[in-house]
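I opened a new notebook page for this structure. My plan was to look up one thing at a time and write down what turned up.

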Amino acid sequence: MALKESCAKLRERACLFFLPCAENDYRARIFTGNFLIYFFLAAVILKAGFALFLYTFSSSPFYADITKTALIELTNAERAKHNLPVLSENDVLDQAAYMKALDMAKNGYFSHVSPAGINPWHWFDKAGYNYKYAGENLAIGFLDSKEVQNAWAASPTHEANIVNNKYREIGIAVLKANFQGNPATIVVQLFGSKSAKSQNSQDLLAAADIAKNKEIAGSGAVPAAKDKEVLGASTVAPSADGNAGFKAVMFFAQNYFDFVQAVIYASLIFVILLLALNFALKADFDHADLLAKAVGFVAVMAVFSLLDQNLVSALIPHSLTIQ
């Protein structure tokens, strides 16, 4: 009985809040008072919170792991649009990317080729990645993974690397460093496909060991790898993947802004439908102030919704480069 009474009271309050009737003088309470103003201020705070998070998060220990993980996901999402196979992360390519990032930070350059003439493929060889095809994208000064990906996707040469069908593996390094006297985030993205020699060497060595153990006479040679081919080089100036905190921050970094936008769009649709329903039930303009307030709310929220994630990132002072 108490539950029924509670439900009845709740239903009555909802009707008074959302619908015009004699009890509320045909002024739905959602359109009176300051509710819509408070709702808008809450939306502003939520978006401002994202900007604050983005600015402070870029200097946190989580940033490198999350950006690395996010960029691999974003790269594979872009490849999926072109029906291309997923790139798998390779630890050796990660190491090559990290060595390249360190070299740029140490020697103060941002280019595929160092002032000493060292090309990108040197780092593949130094890390021990025997490649058939290789490519490189670079970025510096970005605050957000999506901002990096969007910059690469907007550049034909970077996009060509991302959607190249000859690549099978990817390596990423994200390094916070003092670059030319200023703090900066350096991103190195490497693509590769192993040579036939690299792919088959372990199997051939295992077969050789078996033959030796069995004292089988014979000789053989490892097939020579075909010539290496560099497909593209484009520059755009301990893992916590299993940690619950990492996953929470990862979700927040990637989905928070989209959630806020969804709330804004849903509120716009809801208020428009509710406004139409109110005037359908009470089709007069005795309460023009309510109409003005509701229309004003819709207009302001519609403009505010245009402040998307890319624009928020752009409004935060920072320098970014791709090449």
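Entry 1: a buried acid. I started at Asp94. Asp94 counts as buried, at 8% relative accessibility. I keep in mind that the model is predicted. I looked up where Asp94 sits and found it in helix α4.

Next I asked: which residues does Asp94 touch, not counting those up to four places away in sequence? I found Lys68, Glu89, Ile170, Gly171, Ile172 and Ala173. Lys68 stood out to me, as its side chain joins that of Asp94 in a polar contact of 3.2 Å. The pair also counts as a salt bridge, at 3.2 Å from N to O. Lys68 lies in helix α3 and Asp94 in helix α4 (residues 91–107), so the pair ties together parts that are 26 residues apart in sequence.

Entry 2: the other partner of Lys68. I followed Lys68 further. Lys68 forms a salt bridge with Glu89 as well, and the closest N and O atoms are 3.0 Å apart. Helix α3 (residues 62–81) holds Lys68, and strand β1 (residues 88–89) holds Glu89, so this pair links parts that are 21 residues apart in sequence.

I then checked exposure. Lys68 is partly exposed, at 21% relative accessibility. Glu89 is partly exposed too, at 38%. Asp94, by contrast, is buried, with a relative accessible area of 8%. The cut-off for buried is under 20%, so Lys68 at 21% falls outside it.

Entry 3: counting salt bridges. How many salt bridges does the structure hold? I counted four. One of them joins Glu78 to Lys81, with the closest N and O atoms 3.4 Å apart. Both residues are in helix α3, three residues apart, which puts about one helical turn between them. I looked up whether each is buried or exposed. Glu78 is buried, at 12% relative accessibility. Lys81 is exposed, at 64%. I also looked for shared partners. Lys68, Glu89 and Asp94 are joined into one network by salt bridges that share partners.

Entry 4: helix α4. I went back to the helix that holds Asp94. Helix α4 has 17 residues. From its first C-alpha to its last, α4 reaches 24 Å, close to the 24 Å expected at 1.5 Å a residue. I listed buried residues in α4, among them Leu93, Ala97, Met99, Lys100, Asp103 and Met104.

Then I checked both ends. What caps the N-terminal end of α4? I found Asn90 there, with a side-chain oxygen 2.8 Å from the backbone nitrogen of Val92. Just after α4 comes Gly108, which takes a positive phi of about 65°.

Entry 5: positive phi elsewhere. I noted the background first. Most residues other than glycine have a negative phi. Asn83 is not a glycine, yet has a positive phi of about 55°. I placed Asn83 in the loop between α3 and β1. Asn83 is exposed, at 73% relative accessibility. I found another positive phi at Gln180, near 55°. Gln180 belongs to the hairpin of β3 and β4, which has two residues between the strands.

Entry 6: the strands around β4. That hairpin sent me to strand β4 (residues 182–194). Ten of the 13 residues in β4 are buried, so I wrote down "mostly covered". How many bridges join strand β3 (residues 169–179) to β4? I found eleven, and the two strands run antiparallel. One pairing I noted puts Glu169 opposite its bridge partner Gly192 in β4.

Strand β2 (residues 131–140) also pairs with β4, over nine bridges and in the antiparallel sense. Here I noted Ile140, whose bridge partner in β4 is Ile186.

Entry 7: cysteines. My last search was for disulfides. I searched the whole structure and found zero. I still looked up two cysteines. Cys7 is partly exposed, with a relative accessible area of 39%. Cys15 is partly exposed as well, at 36%.

Closing note. The thread I would reread is the network of Lys68, Glu89 and Asp94. Asp94 is its buried member at 8%, while Glu89 is partly exposed at 38%.

Notes. Residues are numbered from 1 along each chain as its sequence is written. This is a predicted model: local features need pLDDT of at least 70, side-chain atom pairs count only at pLDDT 80 or more; totals for chains, interfaces and linings use all residues. Side-chain values use heavy atoms; hydrogens and water are left out. A disulfide is a pair of cysteine sulfur atoms within 2.5 Å. Buried means under 20% relative accessible area, exposed over 50%, partly exposed in between (1.4 Å probe, protein chains only). A salt bridge is a side-chain nitrogen of Lys or Arg within 4 Å of a carboxyl oxygen of Asp or Glu. Helices (H or I, at least four residues) and strands (E, at least two) are DSSP runs, numbered from the N terminus. Two strands pair if DSSP finds at least two bridges between them. The expected span of a helix is 1.5 Å times one less than its number of residues. A polar contact is a pair of N or O atoms within 3.5 Å; within protein, one must be able to donate a hydrogen and the other to accept it, and residues adjacent in sequence count only if both atoms are side-chain atoms. Contact means heavy atoms within 4.5 Å.
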